[in-house]
Amino acid sequence: MSRWRAPNLISVAALLVAASLPISANATTHPAHAATPRPPATGPVNPGFDTGDLTGWTVTAGTAFGPAAVTATDTYWGGPFQHRGSHHLWGHAAAGDEATGTLRSSTFAAPARMSFLVGGGWDPERLYVALVRDGDGRTLLRQTGPEDEAYVRIVWDTSAWRGQAVHLEVVDRKTGGWGHVNLDDVRTGDAALRDDNGLTFRTLGQANQPTATRDYAADPLRPQFHHTPYQGWINDPNGVIQWRGRHHLFSQYHPDAPKWGPMHWSHAEGPDAVHWRDLPVALTPPPRATPTDNSGIFSGSAVDDDGTLTVAYTRSTDTSAHPGATPETVEIATSTDGVTFTPGTEVVGEAPPGSAAGFRDPKLFRDPVDGRWKMVVGAGDGGRGKVQLYASDDLRSWTYAGVLTEGDGTTGAMWECPDLFELDGKWVLLYSTNEGGQSLQRYAVGTYDGSRFRAERHGVLDGGGDIYAAQSYRDDAGRRLMTAWMSDWSAKEPTRVSGWAGAQSLHRELFLTIDERLGQRPLAAADSLTSGRSISVTGKTVDGTWRLGRGDTARVKAVLDLAGSTADTLTLRLKASRAEATVLRYEKSTGTLTLDTAGAGYGTRATYTTHAEPAADGTLSLDVFVDRSSVEVFTGDGAALTARVYPRYRESDAVEFATTGGQLRLRSASLTPLGSAVLPD
């Protein structure tokens, strides 16, 4: 452990440690249990509920698991359940979220390994599947859901209790939203680790997360070169800056659960905007006034004020817990060592007119037009998103300067996380929107006169589904660097079953293209992630499917010779196996680049598109970063597609080129293994 005090792990982790510590003592301190006759069954009766009823299972309390809980329903509002067999246990079906109860399986002999599918709400203390020992009623392991109806496979090492009489309990003591748990396809023995298709399940679940130390490599879905919380939740990046030569990355952070809650600011720093070392939590909200009080420290930014690291952020107050309070204000905090911050001081006590939809996410910058400090704040009113502008001479006394710019009603009712900066002789505005349930990271390029921004071009920064709340800064080399939350508010988060959720994108360098689109490219420092020998080819013709190599964390570069390719659709299959893949397709005739996650595994099933222009020589360059649960695609002309993907199987790591109806000509292609970006504490 570092000299810094690590954030508390979520409560279920402590529970699992407590449950697991006496394992080695069980056989010796309870000899009667060791003498319990071995039950003949090797698994529970009716392990997938495919009898269509509760045969083999007993309702031991409540109404949550009546006969109607066993269902053949295969889809819900968010897509397919992805259950196995004909039926499954849907905890919502019998009596809704308000019902509580417990369900017990038949007794069986504990195997060396178990696995099962779990869905439904996340609450490790009130909503879970448990392995219980018959002899003393002790809960040996437990697992809550992903806060999604779709199932995720949990794998348990149960070898410490092998041969002992055990049973499963499905426990629902939670009411209200997501107050139910789903279960299907309980497997024991060798079948617990390998699917019917012969592929090996990835080992997921809270019981597999080391708790005594932070092991970022243990989880097969945890990104290795993207910043993530070890346990808990992150969303928006905040306060990105290079200060005293080091790059700093703060994030919206909830340490107590892998979902949104009272926001803190987590803090990491590193030498190159690629590698990161965790520091203590920088900003912490006051204790909750009520159990449901979600007051917190919302998003903001950082500047260097004559050597003092100064951050501005939204102080959000939950008015249901604090009646009469102002919901969103702006505060300033400072640090002289880059680690410890002063208590926040309020500098804007109320929102200006025209901010009915919200007033948050201040971004500070020094304005070259008049030399003063300026601050843009996201807002909205009457169905139109907008950006409010403030001015100051000292970062403490702020004057409202009016509306910087606003939308026309087609780009969301509230613009979050605004960021205004000069780039290549023009001004750029970043802003995040929700449009019809879809989160988008938008930008505009135009002019700024010190009080108003006038857009000349609009665009979506990344055509993928998982870039939001982008924030940029100018580094010491004069580059404009940007990172973003690699998710969005509608995304599925299957990693909740392992106690964490959220990741930040790679830092990218922003630039303007010849036609003044906002382009982005990976940092040169990303080369330092290389951890092995590259596979490379030149002058390769692909007819059908050709495998370049394998890589769960890798960089794939390719130059497609479009003129020499006779197929119109050229395909790159990533994280591929015979059962699943994330598919990147380019259509020569339309210039459309598509990232398809419909068959990628767990998570969001969607297709994302952007337009990519070939180079003057008729080639298309691709630079693709593949992490354990993400894909980031960059093209030679500055377009990007980013998506979180969550493969089910260990074997899903192949990189393959493919075509139909013609040939693909590769001028060059390479596959380079990448290592971890986590620096030791």
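This short talk walks through the aromatic pairs, salt bridges, pocket and cavities of the structure above.

Hi everyone. What we have is a predicted model, where local features need pLDDT of at least 70, side-chain atom pairs count only at pLDDT 80 or more, and totals for chains, interfaces and linings use all residues. Residues are numbered from 1 along each chain as its sequence is written, and side-chain values use heavy atoms, with hydrogens and water left out.

Let's start with the rings. A pair of aromatic rings is described by the distance of the centres and the angle of the planes. Here, rings of Phe, Tyr and Trp (its six-membered ring) pair if their centres lie within 6.5 Å; planes under 30 degrees apart count as stacked, over 60 as edge-to-face and the rest as tilted. Searching the whole structure gives 25 aromatic pairs. One of them joins tryptophan 485 and tryptophan 489, edge-to-face, at 4.7 Å centre to centre and 65° between the planes.

Are those two tryptophans buried or exposed? On our scale, buried means under 20% relative accessible area, exposed over 50%, and partly exposed in between (1.4 Å probe, protein chains only). Tryptophan 485 is buried at 0%, while tryptophan 489 is partly exposed at 39%.

Another edge-to-face pair is phenylalanine 625 with phenylalanine 634, at 6.2 Å centre to centre and 85° between the planes. Both of these phenylalanines are buried. There is also an aromatic cluster, formed by Tyr76, Trp77, Phe81, Trp90 and Tyr151.

Some rings have a charge over them, meaning that NZ of Lys or CZ of Arg is within 6 Å of the ring centre and within 35 degrees of the ring normal. Arginine 142 sits over the face of tyrosine 128, 4.0 Å from the ring centre. Arginine 153 does so over phenylalanine 201, at 4.4 Å from the ring centre.

Now for the salt bridges. We call it a salt bridge when a side-chain nitrogen of Lys or Arg is within 4 Å of a carboxyl oxygen of Asp or Glu. How many salt bridges does a search of the whole structure find? The count is 41. Arginine 153, which we just met, belongs to a network of salt bridges that also links Arg84, Asp185, Arg187, Asp195 and Asp196.

Let me show you some individual bridges. Lysine 363 pairs with aspartate 419, with the closest N and O atoms 2.7 Å apart. This pair links distant parts of the chain, as lysine 363 is in strand 22 and aspartate 419 in strand 26, 56 residues apart. A word on that numbering: helices (H or I, at least four residues) and strands (E, at least two) are DSSP runs, numbered from the N terminus. Lysine 363 is buried, at 6% relative accessible area, and aspartate 419 is buried too, at 1%.

Next, arginine 372 and aspartate 393 meet in a salt bridge of 2.9 Å, N to O. Arginine 372 lies in the loop between strand 22 and strand 23, and aspartate 393 in the loop between strand 24 and strand 25, so the pair ties together parts that are 21 residues apart in sequence. Arginine 372 is partly exposed at 27%, whereas aspartate 393 is exposed at 58%.

Finally, the spaces. On a 1 Å grid over the protein atoms alone, a cavity is a set of points where a 1.4 Å probe fits but cannot get out, and a pocket is an open set with protein on both sides within 12 Å along at least five of seven lines; lining residues have an atom within 4 Å of a point. The second largest pocket has a volume of about 580 Å³. It is lined by 24 residues, with Phe365, Arg366, Tyr473, Arg474 and Arg480 nearest its centre. Which strand gives the most to this lining? That is strand 26, with five residues.

The structure also holds five cavities of 30 Å³ or more. The largest cavity has a volume of about 100 Å³, and among its 15 lining residues Phe225, Ala273, Ser505, Leu506 and His507 are closest to the centre. The second largest cavity holds about 80 Å³ of space. Its lining includes Tyr151, a member of the aromatic cluster from earlier.

That's my tour, and thanks for listening!

Terms used
Grid points are joined across faces, edges and corners, and a volume is the space filled by probe spheres set on the points.
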